[in-house]
Amino acid sequence: MLKVSFPTVQQLMEVKSDLMPAIERNQAKQAAAEAYETLQRSLNQGRDQHTRVQDYLDQIVEMREFDVPYHVRFAIDMDVRCGQWFTVSSDEGQMKMERRADILQRAELRICAFDIETTKLPLKFPDASYDQVMMISYMIDAQGYLIINREVVGEDIEDLEYTPKPEFPGPFKVFNVANERAVLRKWFDHMRELKPGVYVTYNGDFFDWPFIETRAKVHGMTMYDEIGFRHDAKAGECRSKCCCHLDAFAWVKRDSYLPQGSQGLKAVTKAKLGYDPLEVNPEDMVQFAIEQPQMMASYSVSDAVATYYLYMTYVHPFIFSLATIIPMPPDEVLRKGSGTLCEMLLMVQAFKANIVCPNKHLSSVEKIYNGHLLESETYIGGHVECLESGVFRSDIPTRFRLDPRGYEYLLDNLDRDLQYAITVEGKMELSSVLNYEEVKSEIKAKLEALRDTPNREECPLIYHLDVAAMYPNIILTNRLQPPSIVTDDVCAACDFNRPEKTCLRKLEWVWRGETFMATRSEYVHLKNQIESEQFPSLTDGGPPRFFRDLDSEQQSSKLKDRLKKYCQKVYKRVLDKPTTEHRIAGICMRENPFYVDTVKSFRDRRYEYKGLNKVWKGKLAAAKASGSQIKTQEAARSPLIGKPLELDTDGIWCALPGSFPENFTFKTSNEKKKSLTISYPCVMLNVDVARNNTNDQYQTLIDPVRHIYKTSSECSIEFEVDGPYKAMILPASKEEGGVIKKRYAVFNHDGTLAELKGFEVKRRGELKLIKVFQSEVFENFLGGTTLEECYDAVAAVANRWLDMLEDFTR
DNA sequence: ACACACACCTAC
DNA sequence: GCAGGTAGGTGTGTGT
């Protein structure tokens, strides 16, 4: 490997564009050579072929880390992060930054949350080309300001206060100015005077900033020249070089875990700040500004108050904490996807471990399966099942038809399970337990009673059992990481490859692919056909374009469209029924554990955080059960002992008979830990998981010089338990006996809602919109005196709505 | 009436 | 230039 560094990004790009074609050429050559070699081997004429290095350019087959943005590269290499303190010094122009790890206090930035109100036409969204800014409200360091456009607002507004909660004070100073131009002038001047370090908006990336920018232009001002912000329509964001713009809506979308139906500022305020904000129907705003200006003024500042305190309470601590570990500025930490953030963390760890990052994996195009073009291929994911519908209440007895064999099994394995709970989960000596027999006989008696009277009516115990951080723990238990997925030829070339080797772990998975109905030859025919066709020019009256002139994305979409139409015509359907295939993956247990170790350190941080969070909330549940995933076969036993209600991927909601053994406390002679509380239902699952999923082939390099590995057994896939609950409600489908997955409601014993999953109330509030539409159509329909007038009026409403929905969709 | 494709948005 | 994954419910449009 050759490392090349550049003083500027431009130089990097120049070299990259020189090298890229050569690399593509060399890769193609290499692929051809490999194919040729395989052929040679199969003809049993294999011979080493050494190429003489004539031109180094011919030898470059890959380029790495050329697409790392400059500021990310800098932050990683120099170990600089936003949100940390540094002592900065300069020695003859050479800058030095020294990290001040001793200062943990967050910097006190000047934060400005702002929000604009604009005019708008009935049932239209505000359009900056003709609508105006009515008011700008903003809060800086808990002091509010409101600029009023007196051309729109009916009267002068006096200073006011909007304090929705004592902890969220909102005193506002009001500036009444003559017109929109003066509003913008005042705001720009005030911002230049106060120089905020962070601007905060709610959806300002898409609305407030571009609106202000456009209106400023109308009045001959340039927002960029005034305060350094420019809206980038392509990226859909508004940013500046000199300070941050943190759009709280981006935090709500990615980090709040609120459903989309509750991501408006009003719903977020209710959910996160715990008060009911002022609400005004957007259709009434302009009228109110003219007729009830004081009320409109209060409303206007209420959004700025909500945005400011949402930011101060949630967004700021979250983003600036994340920024101390992610090598990006806060604006990007806020807006990037979780995949990019994870990649950044991996790149930091890779740099520290002197590992060169791999390039993004590209799946090959035009895969053929069984003589048909593959439309998509993937793996079978989590399993979901709903077994019951109806109401389950802990205070209303329900009929249990238990299977004595299930209880017999639990009794047979009671010692094993309890000992597992003590030694593995509790990490304690069995001999240190003082009341083992006592606990055991108590559980035994309960299990025997259930076994002996399996048909019984009892109040149910509604429990939820789920695996903590399941995917990371599957990864860690099995040492899964991209470079560890090996094929026979990889093993064949490995020094550790012996007949009795244990370093290759085999794991089953299920492949699923969907193919087009058309055969490969039909596909090839269609492709040849389309390649000779012409397509309309991009410009009016320009020359037609050939297929080869289209970019690769357009080509493949045009070809796919053609193929779909062909399949629909000839086969009456586009895709064949999906096919599945059981496959075995080989996992190398000796690959450098960089990814696995990194996942581990992040999982442990998550556990640490979750633990501290629990302590802080005073909710520390004593029973932190260890456990394991149930194999399908084993899961089948669980109906035998109670009623499974709903399963999804890593968790089970179930009803156990009221007399089922629950929590027990072992007393111990251990001075440091005098007792150990276990949840029997949890332990029972964890033993199964451990028995079926422990990796006995886990290998750790202990002597890098002599290549000696230590083999150990690992299983960190463990169930946690919560409950019992007061009630669970599972909806039924329209078909008799039909059940619905992923939708249920659960109540706590104090009557509060514990979980509400999947129901329409969590989705977008379109119903509301439809009702407004219906009432408007209704009104207009009645308004006419002839049928024609009625139809015309309704058509006018419909057209307005179509326009509006188009804006809305955009 | 029925299936299929697709959009949208949720659970995990 | 950027984009985590699969499973599943509901509603609409379309073709047979």
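Q: Which elements each supply at least two residues of the surface near DNA strand C?
A: In this predicted model, they are α11 (338–352) and β13 (372–379). The largest share comes from α11, with three residues.

Q: What makes a residue count as near DNA strand C?
A: One of its heavy atoms must lie within 4 Å of the strand. There are 19 residues around DNA strand C. Thr340, Thr378, Gly381, Arg512 and Arg763 come nearest.

Q: How do the residues of this surface divide into nonpolar, polar and charged?
A: Four are nonpolar, seven are polar and eight are charged.

Q: Which part of DNA strand C faces the protein, judged by its atoms within 4 Å?
A: Sugar or phosphate accounts for 82% of those atoms. The rest belong to bases.

Q: How do you know that threonine 340 makes a polar contact with DNA strand C?
A: The cut-off is a pair of N or O atoms within 3.5 Å. An N or O atom in the side chain of threonine 340 is 2.3 Å from a phosphate oxygen of the strand. The pair therefore qualifies as a polar contact.

Q: What distance links lysine 741 to DNA strand C?
A: An N or O atom in the side chain of lysine 741 is 3.1 Å from a phosphate oxygen. That is within 3.5 Å, so this pair is also a polar contact.

Q: Which atoms of tyrosine 379 and DNA strand C pair up?
A: On the protein side, a polar backbone atom of tyrosine 379 takes part. On the DNA side, the partner is a sugar or linking oxygen, 3.5 Å away.

Q: How do you know that the span of helix α3 agrees with its number of residues?
A: Helix α3 has 15 residues, 180–194. At 1.5 Å a residue, the helix should span 21 Å. Its end C-alpha atoms are 21 Å apart, so the two values agree.

Q: Which residues of α3 are buried?
A: They are Glu180, Val183, Leu184, Trp187, Phe188, His190, Met191 and Leu194. Each is therefore under 20% relative accessible area.

Q: Why are these buried residues said to line one face of α3?
A: Seen down the helix axis, they fall within an arc of 165°. An α-helix has 3.6 residues a turn, so residues three or four places apart point the same way.

Q: What follows α3?
A: Lysine 195 does, with a positive phi near 50°.

Q: Why is tyrosine 257 called exposed?
A: The cut-off for exposed is over 50%. Tyrosine 257 has a relative accessible area of 75%, so the word applies. The residue lies in the loop between α6 (248–255) and α7 (265–273). Its phi is positive, about 60°, although it is not a glycine.

Q: Is lysine 427 buried or exposed, and what value shows which?
A: Its relative accessibility is 71%, so lysine 427 counts as exposed. Its place is in the loop between α13 (414–425) and α14 (436–452). Phi is near 50° here, a positive value in a residue other than glycine.

Q: What makes methionine 95 count as buried or exposed?
A: Methionine 95 has 54% relative accessibility. That is over 50%, so it is exposed. Methionine 95 is found in strand β2 (residues 94–99).

Q: How do you know that the peptide bond from glycine 723 to proline 724 is cis or trans?
A: Its omega is near 0°, and the bond is cis. Proline 724 lies in strand β30 (residues 719–725).

How values were computed. Residues are numbered from 1 along each chain as its sequence is written. Chains are lettered from A and ligands numbered from 1 in the order in which they are written. This is a predicted model: local features need pLDDT of at least 70, side-chain atom pairs count only at pLDDT 80 or more; totals for chains, interfaces and linings use all residues. Side-chain values use heavy atoms; hydrogens and water are left out. A polar contact is a pair of N or O atoms within 3.5 Å; within protein, one must be able to donate a hydrogen and the other to accept it, and residues adjacent in sequence count only if both atoms are side-chain atoms. Helices (H or I, at least four residues) and strands (E, at least two) are DSSP runs, numbered from the N terminus. Ala, Val, Leu, Ile, Met, Phe, Trp, Tyr, Cys and Pro count as nonpolar, Asp, Glu, Lys and Arg as charged, and the others, Gly among them, as polar. The expected span of a helix is 1.5 Å times one less than its number of residues. Buried means under 20% relative accessible area, exposed over 50%, partly exposed in between (1.4 Å probe, protein chains only). The arc is that of the directions from the helix axis to the C-beta atoms.
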